[in-house]
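Take a look at the chain below. The report that follows walks through selected residues, then the interior.

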Amino acid sequence: MATGTYECWYFNQAQLTLNFTVDGPGTYTGYDGASGTYSVDALGAVTFLSGPLQGVMPDGFVASYEVRQGIPTLSYISGRGAEAAFCQRV
């Protein structure tokens, strides 16, 4: 994922506890200042291996990274394929 700060939203409502900063390859800092690690596969699926975002969404949800119209974006997708929340680099 591209380094920088990501702000997260559910429709028009800010989701502050999902905000994070990508510090470098495989590392991030959560909204609370705690550090964590993640991995991204070749299709853009993100797995939070440790830290505040590990297990933050219910079972069946997946995190997916892509660049939308030039903006690095992480989406949380439900088991039914609907975007439940998204985070964009600011």
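In which loop is S78 found? S78 sits in the loop between β8 and β9. The model is a predicted one. Within this model S78 has a relative accessibility of 16%, so S78 counts as buried. Leaving out residues up to four places away in sequence, S78 touches G60 and F61. F61 appears again below, in the pocket lining.

**Loop residues**

Several other loop positions are exposed. Start with the loop between β1 and β2. F11 lies there, and N12 has its place there too. F11 has a relative accessibility of 64% and therefore counts as exposed. N12 is exposed as well, with a relative accessible area of 70%. The backbone at F11 deserves a look. F11 is not a glycine, yet its phi is positive, at about 55°.

Q69 is found in the loop between β7 and β8. Its phi is also positive, about 50°, and Q69 is not a glycine either. With 83% relative accessibility, Q69 counts as exposed.

L16 lies in the loop between β2 (13-14) and β3. Is L16 buried or exposed? At 58% relative accessibility, L16 is exposed, because the exposed class starts over 50%.

The residues with a stated accessibility are set side by side here.

| Residue | Location | Relative accessibility | Class |
|---|---|---|---|
| F11 | loop between β1 and β2 | 64% | exposed |
| N12 | loop between β1 and β2 | 70% | exposed |
| L16 | loop between β2 and β3 | 58% | exposed |
| G24 | strand β3 | 10% | buried |
| Q69 | loop between β7 and β8 | 83% | exposed |
| S78 | loop between β8 and β9 | 16% | buried |

**Distances along the chain**

Three C-alpha pairs help to place these residues in space. L16 and Y31 are 15 residues apart along the chain, and their C-alpha atoms are separated by 7.0 Å. N12 and V56 are 44 residues apart along the chain, with 20 Å between their C-alpha atoms. G24 and A85 are 61 residues apart along the chain, and their C-alpha atoms are separated by 23 Å.

G24 belongs to strand β3. At 10% relative accessibility, G24 counts as buried. Not counting residues up to four places away in sequence, G24 touches T3 and Y38.

**The nonpolar core**

Now the interior. The largest nonpolar core has 17 residues. Which of them touch the most other members? They are M1, F20, V46, F48, L74 and Y76. Six strands each supply at least two residues of this core: β1 (4-10), β3 (20-24), β6 (45-48), β7 (62-68), β8 (71-77) and β9 (83-89).

L74 shows how these parts meet. Leaving aside neighbours within four places in sequence, L74 is in contact with M1, F20, V46 and F48, among others. The contacts of L74 also include A63, S64 and Y65. A85, F86 and C87 complete the list.

**The disulfide**

C87, one of the contacts of L74, is also half of a disulfide. The structure holds one disulfide. C8 and C87 form it, with their sulfur atoms 2.1 Å apart. This pair links distant parts of the chain: C8 is in strand β1, C87 is in strand β9, and 79 residues separate them. Both C8 and C87 are buried. What hand does the disulfide of C8 and C87 have? The torsion about its S-S bond is about 110°, so the disulfide is right-handed.

**The largest pocket**

Rolling a probe the size of a water molecule over the atoms shows where empty space is left. The largest pocket holds about 180 Å³ of space. Its lining has 13 residues, and V46, F48, F61, V62 and A63 are the closest to the pocket centre. β6 and β7 are the elements that give two or more residues to this lining. β6 gives the most, with four residues.

What is the lining made of, nonpolar, polar or charged residues? Ten are nonpolar, three are polar and none is charged.

Core and pocket share some names. V46 and F48 are among the core residues that touch the most other members, and V46 and F48 are also among the lining residues closest to the pocket centre. L74 is in contact with V46, F48 and A63. S78, where this report began, touches F61.

Conventions:
Residues are numbered from 1 along each chain as its sequence is written. This is a predicted model: local features need pLDDT of at least 70, side-chain atom pairs count only at pLDDT 80 or more; totals for chains, interfaces and linings use all residues. Side-chain values use heavy atoms; hydrogens and water are left out. A nonpolar core is a set of buried Ala, Val, Leu, Ile, Met, Phe, Trp, Tyr and Cys residues joined through side-chain atoms within 4.5 Å. Buried means under 20% relative accessible area, exposed over 50%, partly exposed in between (1.4 Å probe, protein chains only). Contact means heavy atoms within 4.5 Å. On a 1 Å grid over the protein atoms alone, a cavity is a set of points where a 1.4 Å probe fits but cannot get out, and a pocket is an open set with protein on both sides within 12 Å along at least five of seven lines; lining residues have an atom within 4 Å of a point. Grid points are joined across faces, edges and corners, and a volume is the space filled by probe spheres set on the points. Ala, Val, Leu, Ile, Met, Phe, Trp, Tyr, Cys and Pro count as nonpolar, Asp, Glu, Lys and Arg as charged, and the others, Gly among them, as polar. A disulfide is a pair of cysteine sulfur atoms within 2.5 Å.
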